[in-house]
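The following exercises are intended for a first-year student of structural biology. Please examine the sequence and the structure before attempting each task.

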Amino acid sequence: MTRLFGTNGIRGVVGRDMTAELAVRVGRAIGTHFGGGTVALARDPRLSGPMLCRAVAAGLMSSGVEVIDLGMVPTPCAQYYVHMHAGLKGGVVITASHNPREFNGIKALDAQGMEMAREEEEAIEAVYFEDRYRTAEWSEVGDLRSDTGAIDLYLRGILSRVDVEAIRKRRLTVVADPANGAGCVTTPYLLRALGCRVLTINGQPDGAFPGRLPEPTAEHIGDLMRMVVEAKADLGVAHDGDADRAIFVDETGAFLYGDRSLALLARAELAARGGLVVTPVSTSSVLEDVVREAGGHLMRTRVGSPIVARTMLAQGAVFGGEENGGILFPAHQFCRDGGMTLAKMLELVAREGRPLSELVAALPQYSLQKVAVEVPVDRREATLAALLGLVRDREVDTTDGVKIHAPDGWFLVRPSGTEPLFRIYAEARSPERAKALASEGAELVRRAVRS
Ligand code: MG
């Protein structure tokens with residue numbers, strides 16, 4: 001069947017793939033799927049947000065669904081609102097997360113506030129592609145009202161799950177870079193409530209993203225890295241456009257890779273009570289080492305935050321996340337949450353009483369190498385099959401793509417979802433060995449394409 005939803009909702013370039021007409025139809029399809037009831041609606045500050053929100057709301061209401069407009073808030077804030085209001089059928093968030101400026105998207109939430117399960121997305125897609133919309137009678141058309149209370153509810157939820165006193169005592173200086181995204185309306189206030197001295201850059205919501213691109217990569221957050229040093233701050237935090245991710249900068253201005261913050265926070269969570277941690281197959285071995293040392297278990301899944309979240313829920317995990325800064329704290333909610341991740345990192349720094357750079361330096365050190373090999377889209381399946389044949393006498397993991405374990409490292413080969421490429425991720429204790437493993441992976445893919 002043709003798909004509407006990708007791995008993270010419906011995404012597209014505004015005016016080309018992502019139009020008002022599409023948004024009305026998607027709203028109608030989601031409303032038909034819910035079959036009445038009340039749904040929360042939110043958006044990030046992208047310029048097309050007001051247009052798409054109203055179109056989705058019209059679609060929802062036309063199918064007999066009541067809409068509560070939460071306004072411009074982070075995705076995890078909208079998810080928490082749905083999670084905490086038992087009477088809601090679910091939610092819709094208009095966001096393109098970390099994508100470039102010209103994109104926008106539509107994300108559907110279930111009654112727990114989680115990104116919808118694949119089966120529910122398929123039910124919505126079936127309504128959409130088969131034109132089976134429910135149309136409410138004149139007297140049954142849904143109403144629209146606003147609730148400006150989502151931010152307060154969300155911040156109180158986070159503050160109830162960290163040691164506020166311990167953080168306040170340290171009077172940390174924090175530079176926040178919400179990317180002119182939805183985190184502007186929550187993160188500076190969260191930091192203030194935690195007794196921090198707060199400096200912000202790109203701190204006014206602006207869908208033109210004048211400060212930087214919304215993905216918090218080392219290339220994009222140079223201003224933050226410099227400002228942390230300049231302000232002699234304890235740390236810096238950067239979000240993506242909808243603030244479900246948090247990436248950190250240590251007090252020396254160094255970019256902290258997401259797998260390192262994931263490992264630090266995993267250790268802190270496990271120290272409290274042990275248990276299961278969930279992460280995709282592509283995450284660094286540093287997490288495995290830390291979890292094992294803390295007496296916990298690590299389960300690896302296919303790549304994608306909805307899969308990580310669903311696995312955590314099903315398996316009763318205590319912690320989980322991805323190397324891109326998307327981290328889930330299940331006692332709070334089963335969704336990536338940039339604000340919660342920030343609060344937990346401050347709690348860790350406050351309790352340890354040591355600079356973030358020292359905490360990172362004490363972690364096991366690994367090197368990661370990424371390369372790509374061109375593979376035509378129509379050769380994708382055959383190449384994967386040939387590759388499996390080439391490595392049949394090795395230790396192979398096919399959770400997602402092909403992951404090959406060596407005694408001193410691993411490499412993972414995954415077809416790109418959007419480009420005619422196979423990506424190879426390799427990790428080892430030294431950069432030289434990681435490079436060698438990446439080259440071995442690339443050579444295997446080239447042989448597999450030819451065979
Ligand atoms: Mg995001």
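The exercises below, each with a worked solution, concern a predicted model.

**Exercise 1. The metal site**

Task: Identify the protein donors of the magnesium ion, and state whether Ser97 and Asp244 are buried or exposed.

Solution.
Step 1. Four residues supply the donor atoms: Ser97 through OG, and Asp240, Asp242 and Asp244 through OD. These donors lie 2.0 to 2.1 Å from the magnesium ion.
Step 2. Along the sequence, the spacing of the donor residues is S-x142-D-x1-D-x1-D. Ser97 and Asp244 thus link distant parts of the chain, being 147 residues apart. Ser97 belongs to the loop between strand 4 (90-94) and strand 5 (103-109), while Asp244 belongs to the loop between strand 9 (235-239) and strand 10 (246-249).
Step 3. A residue counts as buried if its relative accessible area is under 20%. Ser97 has a value of 2%, and is therefore buried. Asp244 has a value of 3%, and is therefore buried.

**Exercise 2. A mixed sheet and its helices**

Task: Determine the strand order of the open sheet that contains strand 12, and describe how helix 10 and helix 11 are placed against its strands.

Solution.
Step 1. The sheet has 5 strands in the order 13-12-14-15-16, and its pairing is mixed. Strand 13 (297-301) and strand 16 (333-336) are the edge strands, each pairing on one side only. On average, neighbouring strands are turned by 15° against each other, direction ignored.
Step 2. One pair in this sheet is parallel: strand 12 (residues 276-280) joins strand 14 (residues 319-321) over 2 bridges. Within this region, Val278 stands opposite Gly320 of strand 14.
Step 3. Helix 10 (residues 285-293) lies across strand 12 and strand 13, and its direction is at about 150° to strand 13.
Step 4. The buried residues of helix 11 (residues 305-315) include Val308, Ala309 and Met312. The buried residues of this helix pack against strands 12, 13, 14, 15 (327-329) and 16. After helix 11 comes Gly316, with a positive phi near 70°.

**Exercise 3. An antiparallel sheet**

Task: State which strands stand at the edges of the open sheet with the order 17-21-20-19-18, and which helix packs on this sheet.

Solution.
Step 1. The 5 strands of this sheet show antiparallel pairing. Strand 17 (367-374) and strand 18 (395-397) are at the edges; each has a single partner strand, so one side of each lacks a neighbour in the sheet. The twist from one strand to the next averages 20°.
Step 2. Strand 19 (residues 402-406) and strand 20 (residues 409-415) are antiparallel and share 5 bridges. Lys403 has Leu412 of strand 20 as its bridge partner.
Step 3. Helix 15 packs on the sheet and touches strand 17, strand 19, strand 20 and strand 21 (421-428). The direction of helix 15 makes about 150° with that of strand 21.

**Exercise 4. Two crossing helices**

Task: Classify the arrangement of helix 14 and helix 15, and name the residues in contact.

Solution.
Step 1. Two packed helices are described by the angle and the distance between their axes.
Step 2. The axes of helix 14 (residues 380-390) and helix 15 (residues 431-450) come within 8 Å and cross at roughly 120°. The two helices are therefore oblique to each other. The crossing is right-handed.
Step 3. Helix 14 contributes Thr383, Ala386, Leu387 and Leu390 to the contact, and helix 15 contributes Leu444, Val445, Arg447, Ala448 and Val449.

Notes
Residues are numbered from 1 along each chain as its sequence is written. This is a predicted model: local features need pLDDT of at least 70, side-chain atom pairs count only at pLDDT 80 or more; totals for chains, interfaces and linings use all residues. Side-chain values use heavy atoms; hydrogens and water are left out. Donors are N, O and S atoms within 2.8 Å of the metal (3.2 Å for Na, K and Ca); water is not among the atoms, so sites may look incomplete. Helices (H or I, at least four residues) and strands (E, at least two) are DSSP runs, numbered from the N terminus. Buried means under 20% relative accessible area, exposed over 50%, partly exposed in between (1.4 Å probe, protein chains only). Two strands pair if DSSP finds at least two bridges between them. Axes are lines fitted to C-alpha atoms, for helices over the stretch in contact, and angles run from 0 to 180 degrees between N-to-C directions. Contact means heavy atoms within 4.5 Å. Angles under 35 degrees count as roughly parallel, over 145 as roughly antiparallel, 65 to 115 as roughly perpendicular and the rest as oblique. A crossing is left-handed if the near helix is turned anticlockwise from the far one by less than a right angle, and right-handed if clockwise.
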